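Here's a quick briefing to read alongside the model. Have the sequence and the 3D view open as you go through the points.

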Amino acid sequence: MSTEAPGVHEERLYVTWREPSGSIHPIGLLVRRLDGESEHFRFAYLKMAETLDEFRPLAGLSDLHRLYESDELFPVFAHRVMPRSRPEFDALARRVQLGADADPFEVLARSGGRRATDRVEVFAPPRLTDDGRSSCFFFVRGIRHLPDAAPVVAALRSGEVLDLADQPHNRFNPRAVLLSSDGTPIGWVPDYLVDHVHQLRGLNGADPTVIVEHVNDESSPSHQRVLCRLDAPWPLASFEPFDDARFEPLADLREF
């Protein structure tokens with residue numbers, strides 16, 4: 001975990017890639033460092049990227065083993081950041097439960113930056129809250145694949161707690177975690193958080209809590225209908241989320 005100098009703030013986003021089958025894997029780490037009015041970016045691929053036969057390096061970031069640095073956000077991510085000047089920005093910020101004055105990079109972290117033209121999206125890792133808990137946001141996945149989900153999703157309310165159930169026979173991911181409301185499945189925890197859910201369960205001896213934060217109307221894309229927060233006690237003082245080999249950078253991503 002980094003130690004930040006006074007006045008310096010660091011933010012990390014994991015970059016994922018979706019296989020044609022639909023499975024989602026972490027392939028990169030994007031770091032933004034804020035120091036007063038200035039910002040600096042670094043990007044490194046993760047070891048998982050080497051194991052995916054169909055994965056190809058991102059545009060402008062062609063070398064899997066190079067550390068990329070820039071004072072501007074890399075173009076492959078910059079075009080996923082909606083500027084505040086765009087008329088659609090307010091609607092997107094509301095969709096991810098942020099205000100119109102939100103930092104566009106924070107909106108990117110919540111929304112995922114998913115585009116129809118590629119298989120890439122980003123997510124923010126869990127953070128340690130002031131009261132000693134692990135907290136992260138995600139959108140429920142696969143709603144459109146569950147025929148009975150639509151009316152239940154429409155009736156969800158902020159603050160509702162969803163039920164979790166393992167799906168060991170899921171043909172896409174045997175570690176999949178299904179989410180339900182009053183016994184009706186509505187979707188799944190994203191693949192990139194599934195192992196984290198299992199890890200928290202093992203360390204804490206109980207499931208983490210999935211709380212509905214915001215429900216968007218039917219005009220929203222199905223992958224942005226239900227925003228949830230994953231909440232659990234931070235298991236150990238030394239706990240580091242995503243510390244397995246898949247998330248290890250291929251380049252030396254040390255302190256700035």
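**Briefing**

Right after helix α6 comes glycine 205, and its phi is positive, near 75°. Keep in mind that this is a predicted model. The protein chain's secondary structure adds up to six helices and twelve strands, and the points below pick out a few of them.

**Overall build**

- For 256 residues, a compact globule would have a radius of gyration near 18 Å, and the protein chain agrees with that at 18 Å.
- Laid along the principal axes, the C-alpha atoms of the protein chain fill a box of roughly 50 × 40 × 40 Å.
- Buried residues make up 46% of the 256 in the protein chain.
- Take the contacts between residues at least 6 apart in sequence: 57% of them join residues at least 24 apart.
- The protein chain has an accessible surface of about 12,900 Å², and carbon and sulfur atoms account for 48% of it.

**Helices α4 and α6**

- Helix α4 covers residues 104-111, and seven of its eight residues are buried, so the rest of the structure largely encloses it.
- The buried set in α4 is Pro104, Phe105, Val107, Leu108, Ala109, Arg110 and Ser111.
- Glycine 112 sits just after α4 and takes a positive phi of about 90°.
- Helix α6 runs over residues 191-204, which makes 14 residues. From first C-alpha to last, α6 reaches 21 Å, close to the 20 Å expected at 1.5 Å a residue.
- In α6, the buried residues are Tyr192, Leu193, Val194, His196, Val197, His198 and Leu200.
- As a reminder for reading such lists, an α-helix has 3.6 residues a turn, so residues three or four places apart point the same way.

**Strands around β11**

- Strand β11 (residues 209-215) runs antiparallel to strand β8 (residues 161-167), and two bridges join them.
- Within that pairing, valine 161 stands opposite isoleucine 211 of β11.
- β11 also pairs with strand β12 (residues 226-233), again in the antiparallel sense, over six bridges.
- Here valine 215 stands opposite valine 226 in β12.

**Positive phi outside glycine**

- Aspartate 182 isn't a glycine, yet it has a positive phi of about 50°.
- You'll find aspartate 182 in the loop between β9 (176-181) and β10 (184-188).
- Aspartate 182 is exposed, with a relative accessible area of 77%.
- Phenylalanine 242 is a residue other than glycine with a positive phi, near 55°.
- Phenylalanine 242 lies in the segment after β12, and at a relative accessible area of 9% it is buried.

**Cysteines**

- How many disulfides does the structure hold? The count is zero.
- Why is there no bond for cysteine 136? The closest cysteine sulfur, in cysteine 228, is 10 Å from its own sulfur, which is too far for a bond. A disulfide needs the two sulfur atoms within 2.5 Å.
- Looking from cysteine 228, the closest cysteine sulfur is that of cysteine 136, also 10 Å away and too far for a bond.
- Is cysteine 136 buried or exposed? Cysteine 136 counts as buried, at 4% relative accessibility.
- Cysteine 228 counts as buried too, at 0% relative accessibility.

Key:
Residues are numbered from 1 along each chain as its sequence is written. This is a predicted model: local features need pLDDT of at least 70, side-chain atom pairs count only at pLDDT 80 or more; totals for chains, interfaces and linings use all residues. Side-chain values use heavy atoms; hydrogens and water are left out. Buried means under 20% relative accessible area, exposed over 50%, partly exposed in between (1.4 Å probe, protein chains only). Helices (H or I, at least four residues) and strands (E, at least two) are DSSP runs, numbered from the N terminus. Two strands pair if DSSP finds at least two bridges between them. The expected span of a helix is 1.5 Å times one less than its number of residues. The radius of gyration is taken over C-alpha atoms; the globule rule is 2.2 Å times the number of residues to the power 0.38. Contact means heavy atoms within 4.5 Å. Accessible areas come from the Shrake-Rupley method with a 1.4 Å probe; for residues, only the protein chains shown count as cover.
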